[in-house]
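User: Could you take a close look at one residue in this model for me, and then show me how its surroundings connect to the rest? I would enjoy one connected walk-through.

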Amino acid sequence: TGDALAVGYNGYGQLGTGDNTSRSSAVKISALSNITHLSCGRNHTMAISDKGQLYTFGYNGYGGLGTGDKQNRNSPQALPLQHACSLSHGLSNSTIVGDKNGKVWAFGCNDCGQLGIGSTQQQLTPVALNDKYNGIISSNNRITAGWKGAQKSLEWSDQDIRSLDDIGACLQALKNLSLIHI
């Protein structure tokens with residue numbers, strides 16, 4: 001738990017400094033404190049505080065910030081999710097967030113159905129996934145799946161997952177390893 005620092009390219013506000021000025025030296029993100037998780041994509045950033053508050057900022061062209069629109073943000077925006085505890089977002093602004101109650105939430109780019117919401121429509125606000133998806137976290141054009149307390153996990157790349165049927169095949173693989181029951 002601590003402060004969040006930022007350095008580098010800031011063309012979309014992904015440093016969270018309230019402007020779009022790139023930085024060659026690390027600066028504190030003054031709007032954030034008591035951060036337990038920080039995840040940086042190519043052009044957007046997300047953070048979780050010790051109270052479970054999820055913050056997003058940077059590029060939002062696909063709705064990957066979950067703010068309900070496609071407007072970029074150059075300072076952290078608090079989302080109305082309660083008790084966030086894990087997060088992952090891909091290069092193309094697809095976001096998955098887990099909460100302390102075991103729910104998994106998805107938002108952002110969904111052109112290949114990668115959010116698992118039953119469509120290929122972009123999702124501009126967080127939507128809870130069906131309970132059978134709990135425990136799935138995606139990352140950088142990959143889906144990594146595991147289960148609480150399990151010592152096993154599997155990973156698939158964007159080359160493996162092109163449709164909702166492919167997600168079903170991934171879930172079947174997890175079932176075969178006794179990681180989930182579907």
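Analyst: Happy to. N43 is buried, because its relative accessibility is 17% and the limit for that class is under 20%. Keep in mind as you read on that this is a predicted model. In the chain, N43 sits in the loop that links strand 3 (35-40) to strand 4 (44-49). What does N43 touch once residues up to four places away in sequence are set aside? The list is Y9, Y12, Q14, G58 and Y59. With one of these, Q14, the contact is polar: the side chains of N43 and Q14 come together at 3.5 Å.

Three of those neighbours, Y9, Y12 and Y59, lead straight to the aromatic part of the picture. Y9, Y12, Y59 and Y62 make up one aromatic cluster, so N43 can be read as touching that cluster through Y9, Y12 and Y59. Across the whole structure, the search gives three aromatic pairs. One of them joins Y9 and Y12, edge-to-face, with 6.5 Å between the centres and 75° between the planes. Y12 itself is partly exposed, at a relative accessible area of 28%. Another pair is Y59 with Y62: the ring centres are 6.2 Å apart and the planes meet at 65°, which is why this pair is edge-to-face too, since the class asks for planes over 60 degrees apart. Both partners are partly exposed, Y59 with a relative accessible area of 23% and Y62 with 33%.

From rings we can move on to charges. How many salt bridges does the model hold? The count is three. One is between K28 and D3, whose closest N and O atoms are 3.9 Å apart; the cut-off here is 4 Å. K28 belongs to strand 2 (residues 23-28), while D3 lies in the segment before strand 1 (5-8), so this salt bridge ties together parts that are 25 residues apart in sequence. K28 is partly exposed at 38%, whereas D3 counts as exposed at 51%.

Another salt bridge links D19 to R23, with 3.0 Å between the closest N and O atoms. D19 is partly exposed, its relative accessible area being 23%. Then there is D69 with R73, where the closest N and O atoms are 2.9 Å apart. The two ends of that bridge fall into separate classes: D69 is partly exposed, with 24% relative accessible area, and R73 is buried, with 14%.

Finally, a look further along the chain. Four strands build an open sheet there, in the order 7-8-9-10, with antiparallel pairing. Its edges are strand 7 (84-89) and strand 10 (123-128), each of which pairs on one side only. From one strand to the next, the twist averages 15°. Strand 7 is joined to strand 8 (residues 94-99) in the antiparallel sense by five bridges, and within that pairing A84 stands opposite D99 of strand 8.

To come back to your residue: N43 is a buried loop position, with a polar contact to Q14 and contacts to Y9, Y12 and Y59, which also appear in the aromatic cluster.

Conventions
Residues numbered from 1 in each chain as written. Predicted model: local features only at pLDDT ≥ 70, side-chain atom pairs only at ≥ 80, totals over all residues. Heavy atoms only, no water. Helix = DSSP H or I, 4+ residues; strand = E, 2+ residues; numbered from the N terminus. Buried < 20%, exposed > 50% of the residue type's maximum accessible area, 1.4 Å probe, protein only. Polar contact = N/O pair within 3.5 Å; in protein donor to acceptor, adjacent residues only side chain to side chain. Contact = heavy atoms within 4.5 Å. Pairing = 2+ DSSP bridges. Axes fitted to C-alpha atoms, helices over the stretch in contact; angles between N-to-C directions. Salt bridge = Lys/Arg side-chain N within 4 Å of Asp/Glu carboxyl O. Phe/Tyr/Trp six-rings, centres within 6.5 Å; stacked < 30°, edge-to-face > 60°.
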